[in-house]
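Dear colleague,

I am passing the structure below on to you, and after it you will find my notes on what was found. Please keep it open while you read, so that you can follow each residue as it comes up.

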Amino acid sequence: MEFKNKTAISTGAASGMVLLFAQNFAALGGNVVLADVNVEALDEKVAEINEKGVGRAVGVRCDVRDYAQVCAVRDRAVEEFGGIDVLCHFAGGTAVRMRKVNREECPEFPDVPIDIYDWGIDVNLKGPFYFAHAVTKQMREQKSGLIVNIGSITGAEGDKYGMDYPVSKAGLMFGLTKSLAQFGAKYGIRCVCVSPGPVLTRPEMAKMSTPLGRAADPQEIIDLILFIASDKGQFINGENIMIDGGRNAMTRSVPKKPET
Ligand SMILES: NC(=O)c1ccc[n+]([C@@H]2O[C@H](COP(=O)([O-])OP(=O)(O)OC[C@H]3O[C@@H](n4cnc5c(N)ncnc54)[C@H](O)[C@@H]3O)[C@@H](O)[C@H]2O)c1
């Protein structure tokens, strides 16, 4: 695989899977624009990629909830590298975890303050929507481009507590990805959602079960995305691809026992 003269925007790129995507894309010759709210970590990671001297990287501070900041990332990619071949939108996570909600104080869904869920829906659903809106303007002009959304097994399973997360992820997995594929086809724009089960970006993910008896190594998720972005993956479009060790199959066949 080679991404020489290709440019990717990756959001949420200061850590985790999308940082790994940016590192891989650059190692394969591509240019990357890394966007995140966490500027300190971002600057360090951008410098590391540039030190390797293969693909070039720039970092842009961006809160994906702010449309003007989203457009600024798009504009920077175009100014710096002349276009956008791939948008890999990964910024996000469960609001109750990321906003550090105390489960003892807020034991159930209605106890969690609504602004926590608002934050989750803004980051996990509105953020990808904003980015899709901003980059398709450029991709339509270029008559090419790939948008990769990141879903989650939770989008298919639901979550009775961290409810912003499955609601947002299901929106990406089924609504946004199909709609963008329908819009983009005549302009050569593809959209694919990649939906992992547990991934070892945090050690606690090892506790989530899968039929294969393990969580994914982050590189396994990135390899799939690189394939979709490569010359070999060009016919994949409008699809939600679960990469979960078979957990989704298990969810359908073994219903959870209802709580009393
Ligand atoms: N780790 C898993 O098991 C798993 C499973 C399924 C799906 N996912 C999804 O994959 C994506 C990446 O997961 P990860 O574990 O690598 O995440 P991570 O927590 O390591 O990275 C998320 C990044 O998003 C950034 N971010 C948060 N809010 C932001 C905002 N408003 N604007 C810009 N950036 C913001 C954070 O600073 C962080 O760098 C997430 O969308 C997550 O929901 C993860």
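To begin with a single residue, Lys100 is found in the loop that connects α4 (95-98) with α5. Please bear in mind throughout that this is a predicted model. Lys100 counts as exposed, because it has 8 C-beta neighbours inside 10 Å, and the limit for that class is 12 or fewer. Its backbone also deserves a look, since the phi of Lys100 is near 55°, which is a positive value in a residue other than glycine. As a rule, most residues other than glycine have a negative phi.

Asn5 is another residue of this kind, with a positive phi near 65° although it is not a glycine. You will find Asn5 in the segment before β1, where it counts as partly exposed because 13 C-beta neighbours lie inside 10 Å.

From Asn5 we can step across to Gly83, because, although their positions lie 78 residues apart along the chain, the C-alpha atoms of the two are separated by 9.8 Å. Gly83 itself sits in the loop between α3 (67-81) and β4 (86-89), and it counts as partly exposed because it has 16 C-beta neighbours inside 10 Å. If its neighbours within four places in sequence are left aside, Gly83 is in contact with Thr7, Val78, Gln138 and Gln142. Just after α3, Gly82 takes a positive phi of about 90°.

The helix α3 can be described in some detail. Its 15 residues should span 21 Å at 1.5 Å a residue, and its end C-alpha atoms are 21 Å apart, so the expected and the computed spans agree. Which residues of α3 are buried? They are Val70, Val73, Arg74, Ala77 and Phe81. Seen down the axis of α3, these buried residues fall within an arc of 95°, which means that they line one face of the helix. The general background is that an α-helix has 3.6 residues a turn, so residues three or four places apart point the same way. The buried residues of α3 pack against the strands β1 (7-11), β2 (31-36) and β3 (57-61), and also against the helix α5 (114-142). On the other side of α3, by contrast, Ala68 and Glu79 are exposed.

Next comes the ligand, which has 25 residues around it, and of these Gly12, Gly16, Ala91, Gly92 and Thr201 come nearest. Which helix gives the largest share of this shell? That share, three residues, comes from helix α1 (residues 16-27). Sorted by class, the shell around the ligand has 14 nonpolar, eight polar and three charged residues.

Finally, here is the chain as a whole, which has nine helices and seven strands. For 260 residues, a compact globule would have a radius of gyration near 18 Å, and the chain has 18 Å, so the two values agree. The C-alpha trace spans about 60 × 35 × 35 Å along its principal axes. Of the 260 residues of the chain, 46% count as buried. Among the contacts between residues at least 6 apart in sequence, 68% join residues that are at least 24 apart.

With best wishes

Note on methods: Residues numbered from 1 in each chain as written. Predicted model: local features only at pLDDT ≥ 70, side-chain atom pairs only at ≥ 80, totals over all residues. Helix = DSSP H or I, 4+ residues; strand = E, 2+ residues; numbered from the N terminus. Buried ≥ 20, exposed ≤ 12 C-beta atoms within 10 Å, placed from the backbone. Contact = placed C-beta atoms within 7 Å. Near = placed C-beta within 6 Å. Nonpolar A, V, L, I, M, F, W, Y, C, P; charged D, E, K, R; others polar. Expected span 1.5 Å × (residues − 1). Arc of directions from axis to C-beta. Rg over C-alpha atoms; globule rule 2.2 N^0.38 Å.
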